[in-house]
Amino acid sequence: MTSLPPLNQLNALTRQGISLLTTLDTLLDQEYQALQERKIDQLQLLVEKKTTALQQLEENNQARNQLFINSGITPDKAGLQDYCTKLPDIDAKSFTQFWSELETILLQVNEKNQRNEQVISRSSRNMEQLLSILRGQNQKNMLYDQSGGKGNYAAQNRIGKA
């Protein structure tokens with residue numbers, strides 16, 4: 001039987017994960033504001049910062065998972081609960097507290113990411129509609145071509161008549 005992963009290492013990695021997710025949470029709020037104000041330069045900077053934070057979060061997650069795997073514990077909900085039951089009460093309480101905080105901030109980050117995705121998607125659709133109007137394309141004439149892309153058959157029809 002393998003030994004339990006050291007609680008102090010796990011708690012340190014979990015606190016680091018909480019810190020990284022908090023940073024990501026702040027960046028998502030800033031991104032939302034930049035999207036609302038259409039500040040492209042700020043958006044580009046925020047995307048770079050988000051990418052760095054996500055890479056660090058991935059490394060943190062892998063390190064935490066590796067600690068569990070090396071100890072023969074699966075890095076999933078059942079494995080974490082099993083690990084928690086093997087800890088003394090005071091240690092289980094601190095582990096559960098940090099883990100609960102990590103889950104809470106992760107859900108919050110996920111919701112904000114979905115919110116920003118919706119704003120981007122809506123802006124993209126609006127931009128596509130404006131470009132269609134500028135090109136003189138009628139939405140009713142937009143069909144999919146053989147490769148799955150949108151085709152403007154009205155424009156092809158006019159070229160054919162010429």
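Helices here are DSSP runs of H or I with at least four residues, strands are runs of E with at least two, and both are numbered from the N terminus. With that convention in hand, and bearing in mind that what we have in front of us is a predicted model, the secondary structure of the protein chain comes to 5 helices and 2 strands. If you follow the chain along its sequence, these elements appear in the pattern α-α-α-α-β-β-α.

Let me stay with the whole chain for a moment before turning to the helix pairs. The protein chain has 162 residues, and buried residues make up 30% of them. Its accessible surface comes to about 11200 Å², and carbon and sulfur atoms account for 53% of that area. As for contacts, if we take those between residues at least 6 apart in sequence, then 63% of them join residues that are at least 24 apart.

Now to the first pair of helices I would like to discuss. Helix 1 covers residues 7-37 and helix 2 covers residues 40-70, and their axes come within 9 Å while crossing at roughly 160 degrees. An angle over 145 degrees counts as roughly antiparallel, and therefore helix 1 is described as roughly antiparallel to helix 2. The crossing in which helix 1 passes helix 2 is left-handed. When the residues of this contact are sorted by type, they divide into 17 nonpolar, 8 polar and 4 charged.

The second pair is helix 3, which spans residues 77-85, and helix 4, which spans residues 89-135; here the axes come within 10 Å and cross at roughly 155 degrees. By the cut-off I have just used, helix 3 and helix 4 are therefore also roughly antiparallel to each other. Which residues of helix 3 and helix 4 make the contact? On the helix 3 side they are Lys77, Leu80, Tyr83 and Cys84, and on the helix 4 side they are Ala92, Phe95, Thr96, Trp99 and Glu103. Sorted in the manner used before, the residues of this contact divide into 6 nonpolar, 1 polar and 2 charged.

I will finish with a single residue, Asn113, which lies in helix 4. Is Asn113 buried, exposed or partly exposed? Its relative accessible area is 28%, and since the partly exposed class lies between the 20% limit for buried and the 50% limit for exposed, Asn113 is partly exposed. Asn113 and Tyr32 are 81 residues apart along the chain, yet the separation of their C-alpha atoms is 9.1 Å.

How values were computed: Residues numbered from 1 in each chain as written. Predicted model: local features only at pLDDT ≥ 70, side-chain atom pairs only at ≥ 80, totals over all residues. Heavy atoms only, no water. Axes fitted to C-alpha atoms, helices over the stretch in contact; angles between N-to-C directions. Parallel < 35°, antiparallel > 145°, perpendicular 65-115°, else oblique. Contact = heavy atoms within 4.5 Å. Nonpolar A, V, L, I, M, F, W, Y, C, P; charged D, E, K, R; others polar. Left-handed = near helix turned anticlockwise from the far one by under 90°. Buried < 20%, exposed > 50% of the residue type's maximum accessible area, 1.4 Å probe, protein only. Areas by Shrake-Rupley, 256 points an atom, 1.4 Å probe, with all protein chains shown as cover.
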